[in-house]
Amino acid sequence: NSVLAQKIRSSFGYQLTGAQERTLNDISDDMASDERMLRLVQGDVGSGKTIVALLAMATAIASGAQAALMVPTEVLARQHFRTIQPLAQAADIRLEVMTGKDTQAEKRKKRQALSNGEIDIVIGTHALFQDDVDFADLGLVVIAEQHRFGVHQRLLLASTGHAPDVLVMTATPIPRTLVLTLYGDMDVSRLDEKPVGRKPIKTV
């Protein structure tokens, strides 16, 4: 565990579940290996996928690389930014959000900061991977809700930089046989424990 990860854990203030720790071990092993990581993390809403994603991104940053969190909508990008911001601040991680609502001047400034390595984690939609966005050293891409992104985006991501590690997070329960059919190239981790004290999720 890096110093960054320890700071995030301390600031988070909750004990991680056994499933989260197992998943983080899987991710650490993948990222330490010479093979490129392609891992799917399945977990219900409220199972704690975001903290797992952040700790994985901290691992990339601790090794000197950058990380990107790609979400389906701008609203979700801003929500994730607000959730992650206090934890990132506690670990002195430079966090930024890029959306279509940015002015041209803001976009220019953020693109420059990304290419200069002045941003550690960037959150945004698939717009993060347009031709005019250049990363200094992209080490990890986290994709939230894989089924919302087409094969085109996956291939585009694969060609960004030096083939970054890829972590896909989904709350959609996918039967094991279907996982193998759809994501045969991916290893799978499951967050099958609810964090202690987590209120039940009501879907209306």
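**Warm-up: the overall layout**

Work out how many helices and strands the protein chain has, and how they are ordered.

Step 1. The protein chain has seven helices and seven strands, where helices (H or I, at least four residues) and strands (E, at least two) are DSSP runs numbered from the N terminus.

Step 2. Reading from the N terminus, you get α-α-β-α-β-α-β-α-β-β-α-β-α-β.

Before going on, keep in mind that this is a predicted model: local features need pLDDT of at least 70 and side-chain atom pairs count only at pLDDT 80 or more, while totals for chains, interfaces and linings use all residues. Residues are numbered from 1 along each chain as its sequence is written, and side-chain values use heavy atoms, with hydrogens and water left out.

Step 3. Of the 204 residues in the protein chain, 47% are buried; buried means under 20% relative accessible area, exposed over 50%, and partly exposed in between (1.4 Å probe, protein chains only).

**Exercise 1: the sheet**

Lay out the strand order of the open sheet and find its edge strands.

Step 1. Seven strands line up as β3-β4-β2-β5-β6-β1-β7, with parallel pairing. Two strands count as paired if DSSP finds at least two bridges between them.

Step 2. β3 (95-98) and β7 (187-191) are the edge strands, each pairing on one side only.

Step 3. From one strand to the next, the twist averages 20°.

**Exercise 2: strand β6**

Find the partners of β6 and say whether its residues are buried or exposed.

Step 1. Start with β5 (residues 138-144), which runs parallel to β6 (residues 165-170) and is joined to it by five bridges. Here A144 sits opposite M169, and I143 faces V168.

Step 2. Now take β1, which also pairs with β6 in the parallel sense over five bridges. L167 in β6 is the bridge partner of R39.

Step 3. Check the side chains: D165, L167 and M169 point one way, V166, V168 and T170 the other, and all are buried.

Step 4. With six of its six residues buried, β6 is largely enclosed by the rest of the structure.

**Exercise 3: α1 against α3**

Work out how helix α1 is oriented relative to helix α3, and which residues meet.

Step 1. The axes of α1 (residues 3-12) and α3 (residues 49-62) come within 8 Å and cross at roughly 155°. Axes are lines fitted to C-alpha atoms, for helices over the stretch in contact, and angles run from 0 to 180 degrees between N-to-C directions.

Step 2. So α1 is roughly antiparallel to α3; the label applies to angles over 145 degrees, with under 35 being roughly parallel, 65 to 115 roughly perpendicular and the rest oblique.

Step 3. On the α1 side, L4, A5, I8, R9 and F12 meet I51, L54, L55, A58, I61 and A62 of α3. Contact means heavy atoms within 4.5 Å.

**Exercise 4: S10**

Is S10 buried or exposed, and how far apart in space are S10 and A91?

Step 1. S10 lies in helix α1.

Step 2. Its relative accessible area is 61%, so S10 is exposed.

Step 3. S10 and A91 are 81 residues apart in sequence, yet 9.6 Å apart in space, C-alpha to C-alpha.
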